[in-house]
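Colleague: I am new to this structure and should be grateful for a close look at a single part of it. Please describe how the helices at the start of the chain are arranged.

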Amino acid sequence: MPASPSTARAINDRLALGLLQDQGPLTAGQLKQLTGLSRPTVADLVERLGAAGLITVVGESGAARRGPNARLYGIAADRAHLAALDVRTEGVVVLVADLVGRVLAEASVPIEGDTGTGPAVRRVVAAVAGAVGRAGVEGLHTAGIGAPGLIDPATGDLRDSAGLPAWHRSLSAALQERLPGARVTVENETNLAALAEQREGAARDRDTFVLLWLGHGTGAAVVLDGTLRRGASGGTGEIGFLPVPGTPTLPSATDCTGGFHTLAGAAAVVSLAGEHGLPTPTTPDGPGAAGVVRWAVERVTAAGESGGLGGPEQKGEPAREFAGAAEEGKPVTGFAGTAAEADACARFLSALADRLAIGAASVVAVLDPGCVVLGGEIGHAGGDVLAGLVAERLGAMSPLPTEVRVGALGGSAVLRGALLTARDQAQDELWSAPLRSPVPS
């Protein structure tokens, strides 16, 4: 049955808005070419969307740069404003953006471990309000929060999780009270990181993949056939609780000690580096562990570039030669620093790859995703060297072909995912208005 005129207008409106979002400002002629619609139909929707306040003229294009045909139309960026929050155990990072995702203001607020729930929440709410003020906007349409822990699929709230600060669970309600006109949503941090990597990062060409988050803690996000999977209780990807060999105990329902977290969390990575004689940070958090991994990788890369890993013909493949040297117990030389230091870097990264492959192999055996993305600060710091080592070990452990990639966004992926989610929700609500009640042309 053919669509009614109002339904057809709604479809055309949404198509044009999507193109303007994805490809930036376009002329009416470019919209006609990209949509396949007739010139009168494009003129009608441009007028209609402009009257609804959803698009605006943002410039002119072409040699003459004048006249109706030269007008560039874009999403009305100031139609709504958004906030994104990356909530960690030690603090929160906030940004405020417009409807197209352009960042207008940022803020960062540390929260000490002994800070009570009330003071912590008030500090974060004040940081959000301050960022909104510096952005010069009157209010927020949508706020997206990324936080560690389980999200209750029925309520959308953070569940009570052992080991996480109590103020995390109070933050959403406090923000909603402070921003009564805004829509406030919470999502698991690793899920948001996977969304960001899928849309803008390392997994843009993959419909099915698993993001292995390696930061202060560990986690996994599962995307199957283009859809993020959360599970019956919202717990898909709680890989920190995965029982693994190499730990002295088993995890419990309230404590992931003894699980994969004990092998691959930031504190475990820093401890492993110390065991191999590498310099370690005083604070064993995500950035600290990432610094140790980056320090070791830089020396491995330098060794490959100088031919110290087997000669010039093997430059560009430092991971393979490095792995062989480490496994055979040979010292790696050929870069600045002593042979003993090089050998320590080799053994450290080799041991870390062994640990990461254990968790990755378990996920691959169940899901067969074809691609594992190493995300978070540690995954990003490890780069192609660490990803190559993990891929080799995974290939030896699993019969399922699996590509291992480096996350492109690192620790910023959570904040970027929160902003993308907030933007999607705001645009979906705003763009549905002309679908319900088209403005007559």
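Modeller: In this predicted model, helix 1 contributes Leu15, Ala16, Leu19, Leu20 and Gln23 to a contact with helix 2, where Leu31, Leu34 and Thr35 are the residues met. By class, the contact of helix 1 with helix 2 comprises six nonpolar and two polar residues, and no charged ones. An α-helix has 3.6 residues a turn, so residues three or four places apart point the same way. Among the residues that helix 1 brings to the contact are Leu15, Leu19 and Gln23.

Two packed helices are described by the angle between their axes and the distance between the axes. Here, helix 1 covers residues 5–23 and helix 2 covers residues 28–35; their axes come within 11 Å and cross at roughly 110 degrees. Angles of 65 to 115 degrees count as roughly perpendicular, and helix 1 is therefore roughly perpendicular to helix 2.

Helix 3 follows, at residues 39–51. Because each residue should add 1.5 Å, the 13 residues of helix 3 are expected to span 18 Å, and this agrees with the 18 Å between its end C-alpha atoms. Which residues of helix 3 are buried? They are Val42, Asp44, Leu45, Val46, Arg48 and Leu49. Asp44 and Arg48, both buried in helix 3, belong to the charged class. Just after helix 3 comes Gly53, which takes a positive phi of about 75 degrees.

Notes:
Residues numbered from 1 in each chain as written. Predicted model: local features only at pLDDT ≥ 70, side-chain atom pairs only at ≥ 80, totals over all residues. Heavy atoms only, no water. Axes fitted to C-alpha atoms, helices over the stretch in contact; angles between N-to-C directions. Helix = DSSP H or I, 4+ residues; strand = E, 2+ residues; numbered from the N terminus. Parallel < 35°, antiparallel > 145°, perpendicular 65-115°, else oblique. Contact = heavy atoms within 4.5 Å. Expected span 1.5 Å × (residues − 1). Buried < 20%, exposed > 50% of the residue type's maximum accessible area, 1.4 Å probe, protein only.
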